[in-house]
Amino acid sequence: MATSHAPNSLYFGDNLDILRQHVADESVDLIYLDPPFNSNATYNVLFRERSGEESAAQITAFDDTWRWSMESELAYQDVVTQQGGKVGELLAAMRAFLGQNDMMAYLTMMAQRMVELHRVLKPTGSIYLHCDPTASHYLKLLMDVVFGADNFRNEIVWKRTSGHSDAKRFGRVHDVILYYAASEKAIWNATYQPYETGYVEQYYRYKDPDGRLWMSDNLSASGLQGGGYEYEWKGITRVWRVPESTMERLDSEGRVFYTRNGIARRKRYLDEQKGLRAQDNWTDIQALRSWHDERLGYPTQKPEALLERIISASSNEGDVVLDPFCGCGTAVAAAERLNRRWVGIDITHLAITLIRHRLHDTFGEELRPYEVVGEPKDLPGAESLALHDRYQFEWWALGLVDARPARDRKKGADAGIDGYINFFDDNSGKPKRIVVQVKSGGVQRNQIATLKSDMEREKADLALFVTLNPPTRPMEQEALEAGFYAPEAFPDHRFPRVQILTIEDLLAGAQPQYPRYAPAATFRRAPRRRRQGRQARLG
């Protein structure tokens with residue numbers, strides 16, 4: 001039986017396990033998911049048959065390809081035998097058609113998670129699945145079976161880029177968002193898109209002396225269902241849309257326009273309109289570009305405006321928003337800003353670290369309390385993580401010192417530098433650098449000597465050695481021999497050039513020593529924003 005989650009929670013781990021263990025039945029109001037998928041791979045590769053057993057796919061921030069493996073086979077058997085019913089029948093039919101390939105692995109893993117997402121969604125809830133045309137047609141079949149074809153609401157097309165050149169096909173410029181309601185009781189709030197330029201030019205053709213644009217709207221109720229109000233106005237008798245008292249008010253406010261024949265028409269000012277009721281073709285929300293201050297450098301980051309539209313349309317203040325593939329936390333940040341409760345899940349410690357920085361940079365003291373579940377809280381927990389997955393241990397340890405990974409996750413030989421920290425200690429605007437190395441196994445003196453060489457090669461100012469095991473006395477002596485770093489602007493302040501911190505030290509609150517005269521520059525900072533909604537206004 002799944003337990004109830006805290007109001008605002010970040011979970012590290014496989015979202016299938018987290019959903020089953022921590023998210024209770026019918027406890028979520030809105031689900032948004034953008035499951036990772038290597039849509040840049042060619043269509044033929046995705047459907048290529050696989051032979052033999054390959055290692056299970058690890059979905060990380062930089063490696064999002066699914067592979068058919070023994071794990072896929074076990075997941076398939078779980079859906080077909082344990083879930084059964086129409087979901088199992090559909091998956092069996094898909095396998096008969098597709099075979100054992102990457103696409104089938106992806107759909108099998110998604111089917112498992114769809115069943116759990118359906119379980120946790122309230123009858124008044126909705127789910128939005130973000131994908132692209134590579135797999136959207138297969139995912140729609142899955143969602144029809146799990147959530148019910150009658151509950152399909154929209155296939156939303158989001159134009160994510162202005163232009164794309166392809167040699168032998170039309171440019172691919174859009175993503176697909178599949179929107180399903182849990183039932184007819186699902187929450188729905190009208191949302192609006194800005195008018196397109198052509199619409200404004202066509203209809204808002206008139207301008208007041210002060211420059212305000214307006215369109216001429218009908219005040220006659222002739223032929224209008226429900227009738228109107230018959231009276232004489234300015235010498236013309238007919239059935240009007242508004243009572244005479246309202247006509248008098250509008251006229252006194254300068255909101256009535258008269259045609260050459262003296263017929264009264266209403267002025268509709270452009271700056272008073274909410275816009276066009278949102279349609280299923282979203283061309284008004286731009287994808288993030290390199291120059292956008294919102295961009296954090298995460299490869300699949302979506303714009304907050306996209307998530308704010310979804311959250312505003314299908315939830316109310318205080319509702320729970322769930323993102324089971326939360327990446328760098330766009331849905332979480334949008335939910336926090338719109339005063340919703342939220343649950344985010346990701347399988348990488350890098351993502352959890354990015355989200356934590358994003359939330360604190362964005363909301364500061366306005367950020368509501370939240371819980372991080374699944375991170376090591378003590379030394380035995382850290383040892384267990386290192387034993388299970390040393391790459392995730394490395395990312396987690398880097399997060400403890402606010403360091404950014406120096407490279408993408410790659411299996412193979414140790415590359416030396418695992419991360420870096422940027423800092424400012426003068427007014428030049430040029431950041432200084434700390435190189436960081438993380439060790440989860442045995443440690444010895446020559447590792448510190450190598451780190452000192454790496455520091456010189458990288459032209460870094462400081463070096464930090466983070467270790468799971470206690471350092472030896474020769475290691476500490478080697479670090480001391482590196483001397484001290486004294487900022488030119490603050491020559492009386494000295495910091496050890498090479499520092500050693502154990503995981504136990506860090507869990508107890510210790511931090512590396514370096515100039516902190518300005519905010520750290522390691523992570524790209526999210527822009528500061530205020531929370532919206534009733535609770536935010538109440539303080």
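Two strands pair if DSSP finds at least two bridges between them. By that rule, β20 and strand β21 (residues 462–467) are parallel partners, with 6 bridges. Strands here are DSSP runs of E with at least two residues, helices are runs of H or I with at least four residues, and both are numbered from the N terminus.

A word on the model before going further. This is a predicted model, in which local features need pLDDT of at least 70 and side-chain atom pairs count only at pLDDT 80 or more, while totals for chains, interfaces and linings use all residues. Residues are numbered from 1 along each chain as its sequence is written, and side-chain values use heavy atoms, with hydrogens and water left out.

**The chain as a whole**

The protein chain has 17 helices and 24 strands. Of its 539 residues, 50% count as buried, meaning under 20% relative accessible area (exposed is over 50%, partly exposed in between; 1.4 Å probe, protein chains only). About 26,600 Å² of the chain is exposed, and carbon and sulfur atoms supply 47% of that area; the Shrake-Rupley method with a 1.4 Å probe gives these areas, and for residues only the protein chains shown count as cover. Contact means heavy atoms within 4.5 Å. Among contacts in the chain with a separation of 6 or more, 67% join residues 24 or more positions apart.

**Around β20**

Strand β20 (residues 432–439) has 7 of its 8 residues buried, so the rest of the structure largely encloses it. Strand β19 (residues 419–423) pairs with β20 in the antiparallel sense, while β21 pairs with β20 in the parallel sense.

| Strand pair | Sense | Bridges | Opposite residues |
|---|---|---|---|
| β19 and β20 | antiparallel | 5 bridges | Phe423 and Lys432 |
| β20 and β21 | parallel | 6 bridges | Val436 and Leu464 |

Ala463 sits in strand β21 and is buried, at 1% relative accessibility. Leaving aside residues up to four places away in sequence, Ala463 touches Ile434, Val435, Leu451, Met455, Arg497, Val498 and Gln499. Leu451 is 12 residues from Ala463 in sequence, and their C-alpha atoms are 7.1 Å apart.

**The nine-stranded sheet**

Elsewhere, 9 strands make an open sheet of mixed pairing, in the order β14-β4-β5-β3-β2-β15-β16-β1-β17. Its edge strands, β14 (281–282) and β17 (371–373), each pair on one side only. Within the sheet, strand β1 (residues 8–12) runs parallel to strand β16 (residues 341–346), joined by 5 bridges, and Phe12 stands opposite Asp346 in β16. Helix α11 (residues 349–363) lies across β1, β16 and β17, at about 155 degrees to β1; such angles run from 0 to 180 degrees between N-to-C directions, with axes fitted to C-alpha atoms, for helices over the stretch in contact.

**Nonpolar cores**

A nonpolar core is a set of buried Ala, Val, Leu, Ile, Met, Phe, Trp, Tyr and Cys residues joined through side-chain atoms within 4.5 Å. The largest has 58 residues, and Tyr128, Phe393, Ile434, Val436, Val466 and Ile503 touch the most other members. Helix α11 gives the most to this core, with 6 residues. Apart from it lies another core of 49 residues, including Ala105, Leu142, Phe147 and Val343.

**Cysteines**

How many disulfides does the structure hold? There are 0 disulfides, a disulfide being a pair of cysteine sulfur atoms within 2.5 Å. The sulfur of Cys326 is 8.8 Å from its closest cysteine sulfur, in Cys328, which is too far for a bond. Cys326 is buried at 4% relative accessible area, and Cys328 is buried at 3%.
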